[in-house]
Every structure is written in C-alpha cells, then in structure tokens.
Amino acid sequence: MKICILGTGYVGLVTGTCLSDFGLEVICVDKDSEKIKGLNNGKVPIYEPNLEALIKKNVSAGRLTFTTDFKKAVEQSKVIFIAVGTPPNDDGSANLKQIEKVAQQIAVFLNEYKVIVNKSTVPIGTATKIKEIINKNVIARSEATRQSQPTSKAFDFDIVSNPEFLREGSAVYDFTHPDKIVIGTNSPKALKIMQEIYRPLYLIDTPFVITNPETAELIKYACNAFLATKITFINEIANLSDKVGADVHQIAKAMGLDGRISPKFLHPGPGYGGSCFPKDTEALYHFASTCGYDFKLLKGVISANKRQRELMVEKIKRHLGGTLKGKTIAILGLSFKQNTDDIRKSPSIDIIKLLLKEGARIKCFDPLVMDNTKKILPDLIYCQDEYETARDSDALVIATEWNQFRNLNLSKI
Ligand SMILES: NC(=O)c1ccc[n+]([C@@H]2O[C@H](COP(=O)([O-])OP(=O)(O)OC[C@H]3O[C@@H](n4cnc5c(N)ncnc54)[C@H](O)[C@@H]3O)[C@@H](O)[C@H]2O)c1
C-alpha cells in the first residue's frame, strides 16, 4: 500500500520515516523545495534521536522518497496523511490555512478511492470541514471540465482523524512505542485500512481507541491541555514552596508515588513551552469560547504559565540585589526541552528577552540550537561550553534540562 505524507516537518517526517520502516512505501511531500532538496541529498532538516539513521536505511531500501510533486504523490497513494502546521492566530485560535490549502490541492488530484488522514492538531469539526472542502472542489473541478456529473470514482474518499502524540526529543521512539493509537472515523472501510497500516503496533499490544472524528480531535486537545495543567500545577506548588521553605522536589516525589497521580510531568521549572502546549491550550480555550463555554481552569493555566517566566526573572533579580542593570547572566539551554533543536516558544528564549529588557547582558550555551537562536537573538554572547558561559557571570540559569547540565563541575564553575 502506497502512502503519502503532506508536510515534512517534525510530525510528517517522523511519521513517514517510521511508516516506511514498518515496510510501507511512503512518499513525503513538502512545499519547501529547499527542505526536499536537502532530504534527497541526505540532509535531515530537524534533529531527532535516531531519525537520520532510520531515514538513510529506508531510503536505501527504496521505501521512502521525498518530493515537491503533490500531484504525483496524491495520485499514486491510497492513503494521504495531512501533517501540515496549525499555528496560532493572534486571538489564540488555530490557523487552518495550511489544512484548507492541502484539502483543496487533494481535491484537484483525487483520481480513485483514498483515505485522507488528518494528523495535525485541529479544532473539533475540522475533519468535516476537510470533507466539505474536498467535495466542493471536486464538483468545481468537474464543472470546469464540463462534465455534467463528476465520476463517482473521483468522489470516493473517507476522512480519518488520527491525532499524533509523539514528543519532540523522543519522536521516533514515541511513534514506534505509543501509549495509544486514536482512530476517529465513521467509515468501516477506512478503519480497516488504518488498522492495516498500524498492524505492527497492534502486534506489540498497543491499545487502540476507535471513535468518531470529533472525539478523536478533542482527545488530542484534552491530552495536551491536561499535561499543561499538570506542569502548571507543580510550578504553582514550587512557587508556594519557595515562600514557606518547603522542598518541591520531595513534594513532587511524594505526589508521584500516588498511583492516581503518576510522577510524569511533575517537574517544576520555567513553565511549558514548545510548538504544541502553548498553542494547543490557547486554541482549546478559544474553541470552547466559540461553543459558549468559558473554560475557566484552562484560562488559569494559560495565565499562570505566562507568569512563571516573569517569576523566574524576579527570582534572579532578587538574588542579585534587586536590579539586573549591567549584570551578566549565563543561560544554559536555549531549546524548549532537551534532545530537540526546536526553539519555538522556548521558556529560555522568553526569559532571555525579559532579562534583556531589565538591562542584563546575556552569555549563553546550548549543545544544539546556537545557530537557530543567533537568527532571532544576534546580540547575545554565544559560548563554547558551560564553563565559558559561567565565567565572569553574576548568575547561572539552567533553562533547559539537557543531561549534560545535570552534573556540572561546580568547583570549576
Ligand atoms: N511537533 C510536535 O511535537 C507535534 C506533536 C503532535 C502533533 N503536532 C501537530 O502536527 C502538526 C504539524 O506540526 P509540525 O511540528 O510537524 O509542523 P512543522 O511546521 O514542523 O511542519 C509542517 C510542514 O508542512 C509543510 N507544509 C505547509 N503547507 C504545505 C502544503 N500546502 N503542501 C506541502 N507541505 C506543506 C511546511 O513546509 C512544513 O515543512 C501541527 O498541527 C502540530 O500541532 C506536532
């Protein structure tokens, strides 16, 4: 079975690569010709552990290809995965322009029965919207070619919502060892094809949640919003602990020992960041509002998370005698978490911007994302390693949990 993936970003590239490793023939498509040219020359545009080797292996086996030729990819494939971006609009809602565009493009090249699978994180009702866009464009296409009726073959497609739960930094592992696979569709025929695609995961006892598209779409937002809430909760407890002399790490440990709570996502820090949690919490809050529901808890989480960055800066300021003017702050870690080259909505970057506003001078180091960061913050002092960063600084801030920062030689510092 041939599959194509529309959008070769973090989700699309990992999905395409891992599906090809399951033995399927996969065509990854992107409108970014530089990215595709690079991939065809063996240059992987993102960092994910084990991704490069897996791409190489499956390209060599002839199962994985990269192209900008949307037409060829769609026409040849039975299953089309959509993995384009859904960035936030100014009001926090999800911007669906990329999704709408690919739906229109798919309609142009629909030539026989296909399953159209949405992997992007989208507001509830988007699967229906994709279906409507494709139907409308198929009709327009047949009118343009003066057919009185479009062929039923060209009309024949099913929609599936199949949200993705991989984490950047462990995306390949997560895709191949997921906690669950969610398949939202009203079509038994499409469901059967999806089960075939994910058969290797079924064989390792991965639980499947089979539901309708609306439920699948809300499951994704509910998961991200809940995890963001958990992170924010422990940060609130950490802030309170600072005030009363309690140790938040022991509190988190004790909470995590409660089987009903679990220890995951109970690590206090500068607040959640990255390309997903901030936009998905905002999008869910906005979506709930459009349904006439004031999601008060989520509103509190979003505003507490924003405040967390400011509290970090306040804490540094307090330790440095109440002012940051002329002070040098060393920042270790720029990516939004370890093992990724993604700096989108990174807490570290937000904190640096706040520190600069306060008149501080910033020295920094990250094992992976110095070049990316230089593009948006060219005036920082970029250092070779942790120790050069620390030298002559007034404070050292560990802003990303890279393993190599866990055991610094403090006497050297
Ligand atoms: N990054 C994650 O960890 C993660 C995890 C789960 C879900 N998601 C969701 O998956 C979706 C994709 O996220 P991402 O981080 O992979 O995004 P990304 O920005 O890394 O990649 C999107 C890709 O789509 C391409 N694209 C856009 N329009 C196109 C078109 N018309 N034709 C072909 N290609 C096109 C872009 O050039 C880009 O390469 C989002 O909805 C996101 O919320 C992301």
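What follows is a walk through this structure, from its ligand site to its aromatic pairs and a few residues worth a look. Keep in mind that the model is predicted.

Let's start at the ligand. The shell around the ligand holds 27 residues, and Asp30, Lys35, Thr86, Glu168 and Lys279 come nearest. Sorted by class, that shell is made up of eight nonpolar, ten polar and nine charged residues. If you want specific contacts to look at, try the oxygen atoms of the ligand. A polar side-chain atom of Asp30 lies 2.6 Å from a ligand oxygen. The backbone joins in as well: an N or O atom from the backbone of Val11 is 2.8 Å from an oxygen atom of the ligand, and a backbone N or O atom of Thr121 is 2.9 Å from a ligand oxygen. How much of the ligand's accessible area does the protein cover? On its own the ligand has 830 Å² of accessible area, and the protein covers 90% of that. As for secondary structure, H1 and H5 are the elements that give two or more residues to the shell. H5 gives the most, with four residues.

Now for the aromatic rings. A pair of rings is described by how far apart the centres are and by the angle between the planes. With ring centres required to lie within 6.5 Å, the structure has eight aromatic pairs. Take Phe22 and Phe175: the ring centres are 6.3 Å apart and the planes sit at 35 degrees, so this pair counts as tilted. The reasoning is simple, because stacked needs planes under 30 degrees apart and edge-to-face needs over 60. Phe22 is in the loop between helix H1 (10-21) and strand S2 (25-29), while Phe175 belongs to helix H8 (residues 171-176), so the pair ties together parts that are 153 residues apart in sequence. Are the two partners buried or exposed? Phe22 has a relative accessibility of 22% and therefore counts as partly exposed, whereas Phe175, at 3%, counts as buried. The cut-off that matters for this split is 20% relative accessible area, since buried means under that value. 

Phe70 and Phe109 make another tilted pair, with 6.3 Å from centre to centre and 45 degrees between the planes. This pair also links distant parts of the chain: Phe70 is in helix H4 (residues 70-76) and Phe109 is in helix H5 (residues 97-109), 39 residues apart. Both Phe70 and Phe109 are buried. Helix H5 should ring a bell here, as H5 also gives four residues to the shell around the ligand. Going back to Phe22 and Phe175, these two form one aromatic cluster together with Tyr198.

Rings also turn up beneath charges. The charged end of Lys180 sits over the ring of Phe165, at 4.0 Å from the ring centre. Likewise, the charged end of Lys412 sits over the ring of Tyr387, with 4.2 Å to the centre.

Tyr387 brings us to Asp385. Asp385 is in the loop between strand S11 (381-382) and helix H17 (386-390), and its relative accessibility of 29% makes it partly exposed. What does the side chain of Asp385 reach? The side chain reaches the backbone nitrogen of Tyr387 at 3.0 Å. A polar atom of the Asp385 side chain also lies 2.8 Å from the backbone nitrogen of Glu388. For a sense of scale, the C-alpha atoms of Asp385 and Glu100 are separated by 44 Å, with their positions 285 residues apart along the chain.

Lys189 offers a second such span. Lys189 is found in helix H9 (residues 188-197) and is partly exposed, with a relative accessible area of 44%. The C-alpha atoms of Lys189 and Lys345 are 40 Å apart, and the two residues are 156 residues apart along the chain.

Finally, a word on backbone geometry. Asn50 is not a glycine, yet it has a positive phi of about 70 degrees. Asn50 sits in the loop between helix H2 (33-40) and helix H3 (51-60), and at 59% relative accessibility it counts as exposed. Ser262, also not a glycine, has a positive phi of about 75 degrees. Ser262 lies in the loop between helix H12 (248-257) and helix H13 (277-290), and with 27% relative accessibility it counts as partly exposed.

How values were computed: Residues are numbered from 1 along each chain as its sequence is written. This is a predicted model: local features need pLDDT of at least 70, side-chain atom pairs count only at pLDDT 80 or more; totals for chains, interfaces and linings use all residues. Side-chain values use heavy atoms; hydrogens and water are left out. Rings of Phe, Tyr and Trp (its six-membered ring) pair if their centres lie within 6.5 Å; planes under 30 degrees apart count as stacked, over 60 as edge-to-face and the rest as tilted. Buried means under 20% relative accessible area, exposed over 50%, partly exposed in between (1.4 Å probe, protein chains only). A charge sits over a ring if NZ of Lys or CZ of Arg is within 6 Å of the ring centre and within 35 degrees of the ring normal. A residue is near a molecule or strand if one of its heavy atoms lies within 4 Å of it. A polar contact is a pair of N or O atoms within 3.5 Å; within protein, one must be able to donate a hydrogen and the other to accept it, and residues adjacent in sequence count only if both atoms are side-chain atoms. Accessible areas come from the Shrake-Rupley method with a 1.4 Å probe; for residues, only the protein chains shown count as cover. Ala, Val, Leu, Ile, Met, Phe, Trp, Tyr, Cys and Pro count as nonpolar, Asp, Glu, Lys and Arg as charged, and the others, Gly among them, as polar.
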